[in-house]
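Colleague: Got a minute? I'd like to go through this model with you.
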Number of protein chains: 2
Amino acid sequence: MTQGHHNDDRRRAKRPRLTGQRLKTGKTKKDGDTERRILDGAHAVFVRRGTAGARMQEIATEAGVNQALLHYYFRNKEQLAQAAFERAAKGFMPAVVQVIASAGTLEDKVRRIIDLELDHLTRAPYLPGYIIGEVTHHPERAAQLVAAVTGLGPRELGPRVLGRLRRQIEAGVKAGAMRPMAPESFVINLLSLCIFPFAARPMIQAVLSMDDRRFGQFITRRHQDLPAFFMGALRP
Amino acid sequence: MTQGHHNDDRRRAKRPRLTGQRLKTGKTKKDGDTERRILDGAHAVFVRRGTAGARMQEIATEAGVNQALLHYYFRNKEQLAQAAFERAAKGFMPAVVQVIASAGTLEDKVRRIIDLELDHLTRAPYLPGYIIGEVTHHPERAAQLVAAVTGLGPRELGPRVLGRLRRQIEAGVKAGAMRPMAPESFVINLLSLCIFPFAARPMIQAVLSMDDRRFGQFITRRHQDLPAFFMGALRP
DNA sequence: ATGTATTTTAACTGTCCGATTAAATTAAAC
DNA sequence: GTTTAATTTAATCGGACAGTTAAAATACAT
């Protein structure tokens with residue numbers, strides 16, 4: 001039940017059983033990606049307004065469909081919000097877990113995570129603000145996010161991912177190449193430096209009176225500087 | 001108009017002019033701190049639910065007053081939200097600007113800012129999530145936040161605060177004691193490391209399956225480790 | 001051609017909720 | 001004791017909005 005068949009019982013009315021109609025082309029009528037378009041619209045609106053502030057009509061308009069279809073696919077606003085959040089969460093920390101658990105030196109991992117996060121967040125700049133606001137007001141979504149990001153319960157995260165990282169750090173310490181540090185701190189520090197500037201983007205832009213272009217430049221430069229900054233902090 | 005008389009035209013009905021009645025004791029009737037209690041209640045509810053998700057009735061209950069009084073003091077929900085946000089914003093980055101602009105070595109400033117932020121956020125752990133969500137969905141609040149935090153427009157921030165920091169960094173570089181770095185990055189990196197763990201708190205707790213107690217311990221340890229981590233990153 | 005799933009149109013229901021108002025009550029100030 | 005402000009009670013208005021439903025339209029599949 002951790003997997004992604006969140007589509008349990010949509011399309012209720014006028015549709016006793018879902019015999020499925022997408023056979024040859026994989027498309028039903030207009031396109032068949034209607035579900036995706038609705039989720040795209042929902043994502044856009046939820047990010048812009050927040051869950052409570054979003055209006056079903058605005059989502060429908062954004063998706064280029066009518067309000068009734070929203071309820072046809074997703075029973076109600078809450079289920080739509082959950083589906084949209086889950087999809088957003090999947091894209092939030094793309095392959096961070098993979099990278100950390102992978103082979104490769106610490107410096108490699110640091111570099112790859114910074115690349116991953118900054119590239120991704122540049123394309124979805126307001127995602128962190130949305131996710132953070134959402135889990136702040138709906139703590140129950142945190143568990144949902146964990147499932148979406150990892151596909152595993154937290155049980156395997158500790159031993160598996162962090163264990164490997166811990167051993168790598170201990171090896172570095174023993175070799176005199178780095179300072180001792182909890183693996184949790186390692187990850188959180190790194191993600192803080194990557195994600196926070198996007199979460200705080202509106203404030204940063206206001207305080208430093210930056211337009212969007214200059215913020216882009218700021219991130220580009222940050223992309224260059226962060227690896228050295230972080231690796232520098234690891235030295236003993 | 002930057003100052004705190006945001007109380008312009010409250011108490012409208014049945015009160016043609018505000019001759020003021022708080023003379024001797026400073027308290028009018030019950031207490032006179034009713035405004036504060038309402039703001040406290042509003043703060044609690046807005047943080048818990050977000051602006052759009054908050055209900056006036058819940059705020060009234062939380063404040064121990066009735067709904068009508070909310071409108072008596074603040075015209076409508078929007079004005080109440082603004083007032084609550086502004087007060088919260090004032091406490092968000094307490095004296096960070098002061099510290100940065102003050103005399104003292106860089107290391108002193110780093111240490112004092114970490115103390116300031118972590119102490120404050122420990123007492124108001126969900127403040128960052130609220131603020132971030134708020135400005136994400138209401139970009140116009142960013143300007144409000146700047147005014148609340150600094151009391152100055154962004155014009156004086158650049159030259160004044162960051163100028164001093166820049167000179168300090170340049171001196172350090174020239175002395176071979178630190179790597180070159182934009183003062184903006186200096187501040188943003190430091191605040192990222194301080195604030196993000198609180199903003200992402202529900203996620204961190206879920207992923208690492210931490211209860212509140214262990215999160216507290218985590219922050220305590222972080223308080224000890226952060227200064228060395230950050231100062232280490234500054235070395236050439 | 002017929003059946004079935006998808007999508008639209010349109011109207012409607014019920015409710016939640018922000019806002020307004022009037023009137024009564026309380027207490028402080030003078 | 002009169003005035004004036006603060007606060008409560010209660011009732012109501014009106015709009016916004018989630019959700020429902022029926023019916024028609026569209027197109028695909030067999």
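Colleague: What rotation superposes chain B on chain A?
Modeller: A rotation of 180 degrees with 0.0 Å of shift along its axis, and the RMSD is 0.1 Å. The fit is by least squares on the C-alpha atoms of residues with pLDDT of at least 70 in both copies. That is the relation of a two-fold axis.
Colleague: Is this predicted, and how is stuff numbered?
Modeller: This is a predicted model, where local features need pLDDT of at least 70 and side-chain atom pairs count only at pLDDT 80 or more, while totals for chains, interfaces and linings use all residues. Residues are numbered from 1 along each chain as its sequence is written, and chains are lettered from A and ligands numbered from 1 in the order in which they are written.
Colleague: OK, how many residues does the contact take from each chain?
Modeller: 45 from chain B and 46 from chain A, with a contact meaning C-beta atoms, placed from the backbone, within 7 Å.
Colleague: Which helix gives the most to chain B's side?
Modeller: α10(B), with 10 residues. Helices here are DSSP runs of H or I, at least four residues, numbered from the N terminus.
Colleague: And how do α10(A) and α10(B) cross?
Modeller: Their axes, lines fitted to C-alpha atoms over the stretch in contact, come within 8 Å and cross at roughly 95 degrees. That makes α10(A) roughly perpendicular to α10(B), a label for angles of 65 to 115 degrees.
Colleague: Which residues meet there?
Modeller: Among them, A:Ile188, A:Leu193 and A:Phe196 in α10(A), and B:Ile188, B:Leu193 and B:Phe196 in α10(B).

Terms used
Contact = placed C-beta atoms within 7 Å. Helix = DSSP H or I, 4+ residues; strand = E, 2+ residues; numbered from the N terminus. Axes fitted to C-alpha atoms, helices over the stretch in contact; angles between N-to-C directions. Parallel < 35°, antiparallel > 145°, perpendicular 65-115°, else oblique.
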